[in-house]
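These notebook entries record what I looked up in the structure shown below. I begin with the whole chain and then turn to its parts.

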Amino acid sequence: MFDELDQGTIDRERLDRAAPKALIDPFARAITYLRVSVTDRCDFRCVYCMSENMSFLPKADILSLEELDRLCTAFIAKGVRKLRLTGGEPLVRRGIMTLVGSLSRHLKTGALEELTVTTNGSQLKKYASELAAHGVRRINVSLDTLDADKFRAITRWGELATVLGGIEAARAAGLAVKINAVALKGVNDHEFARLAEWAHGAGMDLTFIEVMPLGEIGENRLDQYLPLSMVRAQLAERFTLEDIDYRTGGPARYVRVKETGGRLGFITPLTHNFCETCNRVRITCTGTLFMCLGQEDAADLRAPLRASGRDDLLHAAIDEAITRKPKGHDFVIDRRHKRPALGRHMSVTGG
Ligand code: SAM
């Protein structure tokens with residue numbers, strides 16, 4: 001399997017790298033960032049993300065670890081420099097460390113600048129050291145509240161203590177941890193300052209995210225939606241927020257909190273999008289390529305992947321898809337019909 005790569009595979013990868021065709025979209029944006037959802041399954045059922053009784057994909061539809069590796073490698077040959085594994089919950093995918101270990105060869109060659117993971121933290125105790133050993137330097141952990149009861153109410157199935165233990169393990173393993181918190185009206189809106197003090201006190205960045213209208217969740221999104229302008233205004237009553245130029249290659253815009261010395265990010269897809277600098281595409285665990293998180297258009301990469309052991313069909317399908325990358329998204333929470341802007345859940349495309 002992975003540790004038995006034969007000479008043919010190595011030659012093929014060399015060939016693919018020898019003639020890379022950079023991915024430039026119709027708006028002259030270079031695609032250098034790939035987010036890969038390695039599973040649609042999750043051990044939590046966050047109320048804004050999934051409904052309680054989600055049905056998941058049959059195994060045959062899901063790419064094997066080898067196929068995921070091949071797909072990522074094709075994108076790296078085409079100039080992708082940053083790869084993020086997400087889900088669903090990436091760390092519940094069986095054999096996930098085999099994939100991380102295998103992808104880490106691209107870090108060693110320098111073809112890949114960064115391999116990162118977005119996780120709910122539930123499995124970090126088990127995997128933090130291995131992630132670090134494979135060259136992962138930074139991870140994002142999603143955590144919306146520090147109140148154990150509220151945490152259970154939001155995640156339906158999660159335990160706060162397990163996640164906090166996971167974060168500790170990650171920090172002890174030397175991983176830089178960024179906390180992502182979705183701002184939820186009437187749920188965590190009294191906790192923003194506390195979250196900032198806690199995260200910054202432990203040397204972690206904190207980013208707030210607006211709820212996006214993705215997928216039917218059996219709840220009214222208007223009840224949850226809170227524009228980050230209000231979050232910022234609330235925090236500004238307590239802290240001095242200084243605009244800074246810091247960027248991680250993502251859509252967050254950062255300020256420094258003078259009192260804590262820490263960084264605070266805001267991801268505002270609804271009130272203010274940053275599509276003009278978008279450098280990313282997303283793949284689902286079935287090999288569907290989404291050129292934009294907020295649009296329906298997609299390309300099937302599983303068929304060309306499975307049709308041939310060579311990568312030419314795959315490369316051609318990727319090139320064609322990138323010509324269709326849209327200028328931007330236009331999320332709107334549909335107030336009249338109370339339906340999501342997009343049918344698919346965030347757990348399909350990965351956050
Ligand atoms: N399981 C991993 C985790 O919890 O980070 C990775 C996948 S999860 C879908 C990625 C991120 O998307 C999480 O931070 C989650 O809070 C966020 N998310 C999910 N649904 C969302 C929505 N409708 N609007 C905004 N953020 C959402």
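**Entry 1: the whole protein.** The model is predicted. I looked first at contacts between residues at least 6 apart in sequence, and I noted that 73% of them join residues at least 24 apart. I then looked up burial and found that buried residues make up 56% of the 351 residues. For secondary structure, I recorded 12 helices and 12 strands.

**Entry 2: the sheet.** I asked myself in what order the strands of the open sheet follow one another. The order I wrote down is β7-β8-β9-β6-β5-β4-β3-β2-β1-β10-β11-β12, with 12 strands and mixed pairing. At the edges I found β7 (241-243) and β12 (298-300), each of which pairs on one side only. I also noted the turn between neighbouring strands of this sheet, which is 25 degrees on average when direction is ignored.

**Entry 3: a helix on the sheet.** I next looked up helix α2, residues 65-77, which packs on the sheet. I listed the strands that α2 touches as β1 (33-37), β2 (82-86), β10 (280-283) and β11 (288-290). The direction of α2 makes about 170 degrees with that of β1.

**Entry 4: two strand pairs.** I examined strand β8 (residues 253-257) and strand β9 (residues 263-267), and I found them antiparallel and joined by four bridges. In this pair, Tyr-254 stands opposite Gly-265 of β9. I then turned to β2 and β3, which run parallel and are joined by four bridges. Here I noted Arg-84 opposite Thr-116 in β3.

**Entry 5: strand β3.** Is β3 buried or exposed? I found that six of the six residues of this strand (residues 114-119) are buried, so β3 is largely enclosed by the rest of the structure. I recorded that Glu-114, Thr-116 and Thr-118 point one way, while Leu-115, Val-117 and Thr-119 point the other way, and that all are buried.

**Entry 6: Thr-288.** I placed Thr-288 in strand β11. Its C-alpha atom is separated by 4.7 Å from that of Asp-300, although the two residues are 12 apart along the chain. Leaving out residues up to four places away in sequence, I listed Arg-282, Ile-283, Ala-298 and Ala-299 as the residues that Thr-288 touches.

**Entry 7: helices α2 and α11.** I returned to α2 and looked up its packing with helix α11 (residues 312-322). Their axes come within 11 Å and cross at roughly 65 degrees, and the crossing is right-handed. From α2, I found Arg-70, Leu-71, Ala-74, Phe-75 and Ala-77 in the contact, and from α11, Leu-314, His-315 and Ile-318. By class, I sorted the residues of this contact into six nonpolar, one polar and one charged.

**Entry 8: helices α7 and α9.** At what angle do helix α7 (residues 192-201) and helix α9 (residues 228-238) pack? I noted about 70 degrees, with the axes 9 Å apart. The two helices are therefore roughly perpendicular to each other. I recorded the crossing of α7 past α9 as right-handed. On the α7 side I listed Phe-192, Ala-193 and Glu-197, which meet Val-231, Gln-234, Leu-235 and Arg-238 in α9. This contact of α7 with α9 has four nonpolar, one polar and two charged residues.

Note on methods: Residues are numbered from 1 along each chain as its sequence is written. This is a predicted model: local features need pLDDT of at least 70, side-chain atom pairs count only at pLDDT 80 or more; totals for chains, interfaces and linings use all residues. Side-chain values use heavy atoms; hydrogens and water are left out. Two strands pair if DSSP finds at least two bridges between them. Axes are lines fitted to C-alpha atoms, for helices over the stretch in contact, and angles run from 0 to 180 degrees between N-to-C directions. Contact means heavy atoms within 4.5 Å. Angles under 35 degrees count as roughly parallel, over 145 as roughly antiparallel, 65 to 115 as roughly perpendicular and the rest as oblique. A crossing is left-handed if the near helix is turned anticlockwise from the far one by less than a right angle, and right-handed if clockwise. Ala, Val, Leu, Ile, Met, Phe, Trp, Tyr, Cys and Pro count as nonpolar, Asp, Glu, Lys and Arg as charged, and the others, Gly among them, as polar. Buried means under 20% relative accessible area, exposed over 50%, partly exposed in between (1.4 Å probe, protein chains only).
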